[in-house]
Amino acid sequence: MATTVLIGAQWGDEGKGKVIDFLARDAKWVVRFQGGNNAGHTVKPGGETYVLHLIPSGILHEGKRCVIGNGVVVDPLALLREIEELRAKGIESLGRLFVSDRCHLIYPWHRMIDECREKQRDDKTKIGTTKRGIGPAYSDKAARVGLRMADMVDPAYEAMLMKTLQETACALKAMGAEEIDIKAVAAEQLAVAKALAPFVTDTIPLLNEAVKNGEEILLEGAQGTMLDIDFGTYPFVTSSNASAGGACTGTGISPARITRVIGTIKAYTTRVGTGPFPTELHDDTGKLLGSRGREFGATTGRPRRCGWFDAVVARYSAAVNGIDYWAMTKLDVMDTLPVIRICVAYECDGKRLEHVPANIRMLERCKPVYEEMPGWQEPTEHIRTFDGLPEKAKNYVNRLCELTSVQLGLLSIGPGRDSTIRIAI
Ligand code: GDP
Ligand code: IMO
Ligand code: MG
């Protein structure tokens, strides 16, 4: 039995939700460990499409236990909304969704500050956040002034909330933000606290007991390695560790208990929001990937920027996450391309670079060094074995694995559960 970490190896939206949903058949637990409702994980188990923001993608499988780990920042209003939306579709979370009492809370003013900060920036320095209050909530956590789920279910919560609200109202005024109606916000938060209380628990013993009993656990990353606060294209990143290390600090499961790491990776690259993207395409091929791949943000609806596969990013991701297998997605989106390019290195200031530079200005100057492969120009969505793929498609996938020194565990050739080829995981 395995404790598997699944992360995004690029800039998010690699298809983590689809892959988790596919693997969840064999798991007992599915656990989110960082981020918040900035995530949008799409799952198509049958005819219907579900987009999950906070609740782990395993919830659609009857009987699976889902955990929101301590590393996640939770907007109580967004969580309750998601629970109710699922309930309306006949999926009950109570009794199988467990929310860590150590999770920090996102309040309306975190969203307001997020928006304010973005407004103050110009087009070049704007991060293009999801405006869900993620950065300000993690800032409060680091500044040791945040409130947590454990506070939310404490009898003294009302007093704590009022104190925070009064302090925040002053700070918001100074920022020039909209005034908040303290009474209305407090009433709303107290009501939601009551509704969520049955979900809140200490998830650390729960998960460690599961590990001890050898139960199958899937740790579901949000965002991607290039959006990680430490390893990503800082400052154009999110505010948490979206890489594999975050799975331990965000759940209380020891690194010694992780048995494998799966990297979800698209067969090309996308990014939503601002920041450097060396292989971005501004031409018809970029548009084609965007339209065939339906590349619109699952949370904000913004169009995603599209480009060729970047093996420099993929190798870096494989290293910092210790990726054992790729779960490669969206190969079918490339079905019509006559020629495909792969970025194998960068050229910067006249020198060849094999690694992602930390200096953001330098990364902006990086030009991709490409190698070319012929496209297969045949549909692949209906294919169910790796051997059944067109020869040129196999060559492309094999080349990506060779360039990154990671073996293929799973290949996805469509958004549905069935459009999946299981290879080694
Ligand atoms: P996540 O955030 O990593 O879970 O990814 P998103 O759900 O935000 O974005 C992935 C999008 O691609 C969703 O619309 C999925 O339904 C879709 N998708 C996932 N795998 C495949 C695939 O193999 N082929 C195609 N065509 N679409 C896919
Ligand atoms: P999933 O889990 C893609 C991006 C935002 C912005 C930056 C910071 O669906 O892959 P934030 O709101 O987190 O402060 O925004 O991170 N971003 C994502 N991009 N997929 C996501 O999640 C993302 N979550 C945040 O667009 O550039
Ligand atoms: Mg997404």
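Strand β15 (residues 325-329) and strand β19 run parallel and are joined by 4 bridges; two strands pair if DSSP finds at least two bridges between them. The model is predicted: local features need pLDDT of at least 70, side-chain atom pairs count only at pLDDT 80 or more, and totals for chains, interfaces and linings use all residues. Residues are numbered from 1 along each chain as its sequence is written, and side-chain values use heavy atoms, without hydrogens and water.

Within the β15 pairing, Tyr-325 has Gln-407 of β19 as its bridge partner. Strand β19 is also joined to strand β20 (residues 420-422) by 3 bridges, and these two run antiparallel; here Ser-412 stands opposite Thr-420 of β20. Because 5 of the 6 residues of β19 (residues 407-412) are buried, this strand is largely enclosed by the rest of the structure. Buried means under 20% relative accessible area (1.4 Å probe, protein chains only).

Ser-412 is also among the closest of the 19 residues that surround ligand 1, together with Lys-16, Gly-17, Thr-42 and Asp-332. A residue counts as near if one of its heavy atoms lies within 4 Å. Polar contacts with the ligand (pairs of N or O atoms within 3.5 Å) are listed below.

| Residue | Part of residue | Ligand 1 atom | Distance |
|---|---|---|---|
| Glu-14 | backbone N or O | oxygen | 3.1 Å |
| Gly-15 | polar backbone atom | oxygen | 2.8 Å |
| Asp-332 | side-chain N or O | nitrogen | 2.7 Å |

Taken alone, ligand 1 exposes 580 Å², of which the protein buries 92%; the areas come from the Shrake-Rupley method with a 1.4 Å probe. Ligand 1 lies between domain 1 (3-100 + 201-262) and domain 3 (265-422), because both give residues to its shell.

Definitions and conventions:
Chains lettered and ligands numbered in written order. Polar contact = N/O pair within 3.5 Å; in protein donor to acceptor, adjacent residues only side chain to side chain. Domains from an automatic or database assignment. Buried < 20%, exposed > 50% of the residue type's maximum accessible area, 1.4 Å probe, protein only.
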